[in-house]
Amino acid sequence: MKLTLENDLTYDAFLGGKLHLWQPRRGYRAGVDPVLLAASIEAKTGQTALDLGCGVGAAALCLKARLPDVDVFGVERQAFYADLAQRNGLNVLQADLAALPADVRQRQFDHVLANPPYFDRSASVAASDVGRETAMGEATPLQKWVEVAAKRLKPKGYVHFIHRAERLPDLLAALPSSMGSTQVLPIAPRTGRRAELVILRARKEGRAAFELFYPRILHCGEKHEKDGESYTAEIKAVLRDGVALKF
C-alpha cells in the first residue's frame, strides 16, 4: 500500500495535543482504546515496554508521552503501519508476532502491552479495507498473543491487554501458569450499561489473588442525548490531559 502525505494520511492530536500521530485517512485508525491501555500501565523510570501489534504506535507513544524515561519498542506486521509508527517516533520492527526474529526473542521487557484484533471472523463479517481487517479481525489466535507476551516479560514484569469484554474468558484461559496477580478493569460506555471492554493486567511469577475492579464509565448520563464530547471527568483527564488510569 503506497501512501502520500497529501491524500492518504492525517496528522491527529492525542492527549490534548501533547502527541500527534500520522495515520491512514482510510482503514484502521487509533481511537480511545490504545490511549486507555497506555494510561493503565504503571511503569517506572528506566523500565522497558514492548507494544505487540503496535499499529501507528498510539499506545506505546501515549505511554512515552506520560512517562518519557520509559524505553518503548513496537512490533507491527503490516509494513505501512510499521513505517508510520517509525515516522511517529517509535522504535519499531516489522515482524509477525508469531515469528519474531531472534534478536527480539532474546530480549525481555518490564511491560508488554497489546490491543489485539477484537473480532473472531468465524462469527463476524470481515472489513473491506485490508489494513482495518488486519487490525480488527483475529488471524493470529488470541492464545498466541498471550503466549508471546508472557515469554517476552522479565521476571516480575507485567502484561497488559485491552479487549472486548466477551473475550475475557479467553484471555484468562490463555494465561500460562507463570502468570499471576491478575487484575481486570471493566469499562462500560455509560452508567447502567454492561461493560464492553476490559483491561487485563497480570504479573510474571505473581502470586496475589485475582482482582476484579469496579467498572469505569466512559460517558456521562445514561444515554446519548446530544452531539459533542461527553466523557466523564476521569476519562477526559486520561484522554485529554494524559493522566494515568488507576486501578
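This is a short talk about how one protein chain is put together in a predicted model.

Okay, hi everyone. Keep in mind as we go that this is a predicted model. Let me start with the overall picture. The protein chain has nine helices and 11 strands. It runs to 247 residues, and 51% of them count as buried. On the outside, the chain exposes about 11,900 Å², with carbon and sulfur atoms supplying 50% of that. And if you take the contacts with a separation of 6 or more, 66% of them are between residues 24 or more positions apart.

Let's begin at strand 1 and strand 2. These two form a hairpin, with four residues between them. In that turn, look for Leu-15, which has a positive phi of about 55 degrees. The two strands pair in the antiparallel sense, over six bridges. If you want one place to put your finger, Leu-9 stands opposite Pro-24 in strand 2.

Now, the rings on this hairpin. A search of the whole structure finds four aromatic pairs. One of them is Tyr-11 with Trp-22, a tilted pair with 4.5 Å centre to centre and 35 degrees between the planes. What does this pair tie together? Tyr-11 lies in strand 1 and Trp-22 in strand 2, so the pair joins parts that are 11 residues apart in sequence. Are these two rings' residues tucked away? Tyr-11 counts as partly exposed because its relative accessibility is 48%. Trp-22 counts as partly exposed too, at 22% relative accessibility, and the cut-off for buried is under 20%. While you're on Trp-22, find Asp-8 as well: they are 14 residues apart in sequence and 10.0 Å apart in space, C-alpha to C-alpha.Next pair: Phe-73 and Phe-109. This pair is stacked, at 6.3 Å centre to centre and 15 degrees between the planes. The pair links distant parts of the chain, with Phe-73 in strand 4 (residues 71-76) and Phe-109 in strand 6 (residues 109-114), 36 residues apart. Phe-73 is buried, and Phe-109 is buried as well. Phe-73 has another partner: the charged end of Arg-107 sits over its ring, 5.4 Å from the centre. Over at Phe-247 there is a similar story to look up, where Arg-201 lies over the face of the ring at 3.9 Å from the ring centre.

Phe-73 also leads us to strand 3, since Leu-50 stands opposite Phe-73 in strand 4. Strand 3 and strand 4 run parallel and are joined by five bridges. How many residues of strand 3 are buried? Five of the five, residues 48-52, so the strand is largely enclosed by the rest of the structure. A bit of background: in a regular strand the side chains alternate between the two faces of the sheet. In strand 3, both faces are covered, with Thr-48, Leu-50 and Leu-52 buried on one side and Ala-49 and Asp-51 buried on the other.

On to helix 2. Seven of its eight residues are buried, which leaves the helix mostly covered. Leu-36 and Leu-37 are among the buried ones, and so are Asp-33 and Pro-34.

Hold on to Leu-36, and let's go into the core. The largest nonpolar core has 47 residues, and those with the most contacts inside it are Leu-36, Leu-90, Ile-199 and Leu-245. Several elements give two or more residues to this core, including strand 1, strand 2, helix 2 and strand 9. Which helix gives the most to it? Helix 3 does, with six residues.

Let's zoom in on Ile-199. Leaving aside its neighbours within four places in sequence, Ile-199 is in contact with residues including Leu-36, Leu-37, Phe-161, Leu-245 and Phe-247. Apart from this core lies another one, of 30 residues, and Ala-150, Leu-168, Met-179 and Leu-200 are among them.

One last stop: Thr-140. Where is Thr-140 found? You'll see it in the loop between helix 6 (130-136) and helix 7 (142-151). Is Thr-140 buried or exposed? Thr-140 is buried, because its relative accessible area is 14%, and the cut-off is under 20%. Leaving aside neighbours within four places in sequence, Thr-140 is in contact with Arg-77, Asp-96, Leu-97 and Trp-145.

That's my tour. Thanks for listening!

Notes: Residues are numbered from 1 along each chain as its sequence is written. This is a predicted model: local features need pLDDT of at least 70, side-chain atom pairs count only at pLDDT 80 or more; totals for chains, interfaces and linings use all residues. Side-chain values use heavy atoms; hydrogens and water are left out. A nonpolar core is a set of buried Ala, Val, Leu, Ile, Met, Phe, Trp, Tyr and Cys residues joined through side-chain atoms within 4.5 Å. Buried means under 20% relative accessible area, exposed over 50%, partly exposed in between (1.4 Å probe, protein chains only). Contact means heavy atoms within 4.5 Å. Rings of Phe, Tyr and Trp (its six-membered ring) pair if their centres lie within 6.5 Å; planes under 30 degrees apart count as stacked, over 60 as edge-to-face and the rest as tilted. A charge sits over a ring if NZ of Lys or CZ of Arg is within 6 Å of the ring centre and within 35 degrees of the ring normal. Accessible areas come from the Shrake-Rupley method with a 1.4 Å probe; for residues, only the protein chains shown count as cover. Two strands pair if DSSP finds at least two bridges between them.
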